[in-house]
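Let's work through a few exercises together, one step at a time. Keep the structure open beside you as you read.

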Amino acid sequence: MSSIKSPSIRVGVNKGKTYYWCGCGLSKKQPFCDGSHKEDKQGRKPITYTALADKFILFCTCKETQLPPICDGTHKKIE
């Protein structure tokens, strides 16, 4: 896994906009996909997230969440 400094990243999302969350952990543009998954030997791909409202979302960066792409606090169990 990459050297992630924070277990989640707070992002303002816009209603109706689709975001592509990095599911492999290789992206240099965390929490979003930059196409690095093409090099992922495990075949992990990005997850699409379409915002239902203008608001802030905590996107997971540990990639262990049970609610991808939203941080569910799982990082606290694996730290």
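**Exercise 1. Place Tyr19 in the model and decide whether it is buried or exposed.**

Step 1. Tyr19 is found in strand E2. Bear in mind that this is a predicted model.

Step 2. Look at the accessibility. Tyr19 has 8% relative accessibility, and buried means under 20%, so Tyr19 counts as buried.

Step 3. Now follow the strand. E2 covers residues 18–21, and its side chains alternate. Tyr19 and Trp21 point to one face and are buried, whereas Thr18 and Tyr20 point to the other and are not.

**Exercise 2. Find what surrounds Tyr19.**

Step 1. Leave out residues up to four places away in sequence; Tyr19 then touches Gly12, Val13, Asn14, Phe32, Ile47, Thr48, Tyr49 and Ala51.

Step 2. Look across to the partner strand. E2 and strand E3 (residues 47–50) run antiparallel and are joined by 4 bridges. In E3, Tyr49 stands opposite Tyr19.

Step 3. Compare distance in sequence with distance in space for one more residue. Ala53 is 34 residues from Tyr19 in sequence, and their C-alpha atoms are 13 Å apart.

**Exercise 3. Describe the aromatic pairs that involve Phe59.**

Step 1. Start with the count: the structure holds 3 aromatic pairs.

Step 2. Recall how such a pair is described. A pair of aromatic rings is described by the distance of the centres and the angle of the planes.

Step 3. Take Phe32 and Phe59. Their ring centres are 5.2 Å apart and their planes meet at 65 degrees; an angle over 60 counts as edge-to-face, so this pair is edge-to-face.

Step 4. Locate the two partners. Phe32 sits in the loop between E2 and E3, while Phe59 belongs to strand E4 (residues 55–60). The two are 27 residues apart, and the pair links distant parts of the chain.

Step 5. Check how covered each partner is. Phe32 has 21% relative accessibility, so Phe32 counts as partly exposed. Phe59, at 0% relative accessibility, counts as buried.

Step 6. Turn to Tyr49 and Phe59. This aromatic pair is also edge-to-face, with 5.8 Å from centre to centre and 90 degrees between the planes. Tyr49 lies in strand E3 and Phe59 in strand E4, so the pair ties together parts that are 10 residues apart in sequence. Both Tyr49 and Phe59 are buried.

Step 7. Put the residues together: Tyr19, Phe32, Tyr49 and Phe59 form one aromatic cluster.

**Exercise 4. Look for backbone features that deserve a second glance.**

Step 1. Begin with the usual case. Most residues other than glycine have a negative phi, and most peptide bonds are trans.

Step 2. Find the cis bonds. One cis peptide bond joins Gln30 and Pro31, with omega about 10 degrees. Pro31 is found in the loop between E2 and E3. A cis peptide bond also joins Pro68 and Pro69, and omega is about 10 degrees there too. Pro69 has its place in the loop between E4 and H1.

Step 3. Find the positive phi. Lys63 has a phi near 70 degrees, although this residue is not a glycine. Lys63 is found in the loop between E4 and H1. Its relative accessible area is 12%, so Lys63 is buried.

**Exercise 5. Step back and describe the whole protein.**

Step 1. List the elements. There are 1 helix and 4 strands, and from the N terminus on they run β-β-β-β-α.

Step 2. Test the overall size. A compact globule of 79 residues would have a radius of gyration near 12 Å; the protein has 12 Å, which agrees. The C-alpha atoms fill a box of roughly 35 × 30 × 20 Å along the principal axes.

Step 3. Ask how much is covered. Buried residues make up 38% of the 79 residues. The protein exposes about 5,400 Å², and carbon and sulfur atoms supply 52% of that area.

Step 4. Look at the contacts with a separation of 6 or more: residues 24 or more positions apart account for 56% of them.

Step 5. Finish with confidence. The mean pLDDT is 89, and 91% of the residues reach 70 or more. Confidence is highest in E2, at 98, and lowest in helix H1 (residues 75–78), at a mean of 80.

Methods:
Residues numbered from 1 in each chain as written. Heavy atoms only, no water. Buried < 20%, exposed > 50% of the residue type's maximum accessible area, 1.4 Å probe, protein only. Pairing = 2+ DSSP bridges. pLDDT = per-residue confidence, 0-100. Rg over C-alpha atoms; globule rule 2.2 N^0.38 Å. Contact = heavy atoms within 4.5 Å. Areas by Shrake-Rupley, 256 points an atom, 1.4 Å probe, with all protein chains shown as cover. Phe/Tyr/Trp six-rings, centres within 6.5 Å; stacked < 30°, edge-to-face > 60°.
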